[in-house]
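Here are a few short exercises on reading strands and helices. Keep the model open beside you and try each task before you read its solution.

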Amino acid sequence: MIRCLVVDDEPLALHILEDYISKIPFLQLVKATTNPIEALTLVQTGDVDLVFLDVQMPELTGIQFLKISNGRAKVILTTAYPQYALEGYELDVVDYLLKPIAFDRFFKSVQKAQTIIQPVAKTVAAEPVQQDDFSTDFIFVKTEHKIQKVYLHDILFIEGLKDYISIFTTAERIITLQGMKKMEDALPERHFVRVHKSYIVALNKIDSIERSRIQIGEKIIPVGDTYRDEFFRIIEDKNI
């Protein structure tokens, strides 16, 4: 868990960030306060990993806070004034969130913080699963409001949509902010194959193949030129 502290002189801003933090499983809220002096004391005791820090506060500005805390915790600046961004980055902040803060932007920011604070932690699809227990293997994927477990044997196919991917399972469609390459690397090769720049398919869910088209249920998936030879080599190995 990443221990979080929110510092802002506006109660509404505190409430919004408290709500956002509560939706991220790997974040733990230590304190939300309008008092930067109280917050600085918490940081100096070493009880905080990440601070969401407002820039403009009456007793102590965010920039002053950064200089005094001397890197004891990672900081994400939150402010309505973009002119402070450059100075914040010069002081090695993790990110800079411009108010009003949207949840998707907040989520990207804490993902970035996680890679810095917990570099050895395995996030969604970061490590290939073992190939021997396909019926019980699973991955965790980050959706908008939670981290969701997905059993590999339930996956029909995966479709890339620009910055997002859709995982189609036997029960539902799951949308997650991930790249196709990262997902491809995480899935066992003996069960999943990339057939197109926008598609990964589960081999055991293929109903039929006609020319360069795969049918899974009612979905027709094209086989791209780049992937055709490798795909048909795999299919040939399974022919009888």
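**Exercise 1: a bridge and its strands**

Find the residue in strand 3 that is the bridge partner of cysteine 4.

Solution. Start at cysteine 4 and look across to strand 3: the partner is leucine 50. Next, widen the view in this predicted model. Strand 1 covers residues 2-7 and strand 3 covers residues 50-54; the two run parallel and are joined by four bridges.

**Exercise 2: helices on the sheet**

Work out which strands helix 2 and helix 3 touch.

Solution. Take helix 2 (residues 36-44): this helix packs on the sheet and touches strand 1, strand 2 and strand 3. The direction of helix 2 makes about 160 degrees with that of strand 1. Then move to helix 3 (residues 62-69), which also packs on the sheet, in contact with strand 3 and strand 4 (74-79). Its angle with the direction of strand 3 is about 150 degrees.

**Exercise 3: order and edges**

Place the five strands of the open sheet in order, and say which ones stand at the edges.

Solution. The order is 2-1-3-4-5, with parallel pairing. Strand 2 (27-33) and strand 5 (95-98) each have a single partner strand, so one side of each lacks a neighbour in the sheet. From one strand to the next, the twist averages 20 degrees.

**Exercise 4: an antiparallel sheet**

Describe the open sheet of three strands.

Solution. Its order is 13-14-15, and the pairing is antiparallel. Strand 13 (208-210) and strand 15 (219-222) are the edge strands, each pairing on one side only. The twist here averages 25 degrees from one strand to the next. Finally, follow strand 14 (residues 213-216), which pairs with strand 15 over four bridges; isoleucine 214 stands opposite isoleucine 221.

Notes:
Residues are numbered from 1 along each chain as its sequence is written. This is a predicted model: local features need pLDDT of at least 70, side-chain atom pairs count only at pLDDT 80 or more; totals for chains, interfaces and linings use all residues. Side-chain values use heavy atoms; hydrogens and water are left out. Two strands pair if DSSP finds at least two bridges between them. Axes are lines fitted to C-alpha atoms, for helices over the stretch in contact, and angles run from 0 to 180 degrees between N-to-C directions. Contact means heavy atoms within 4.5 Å.
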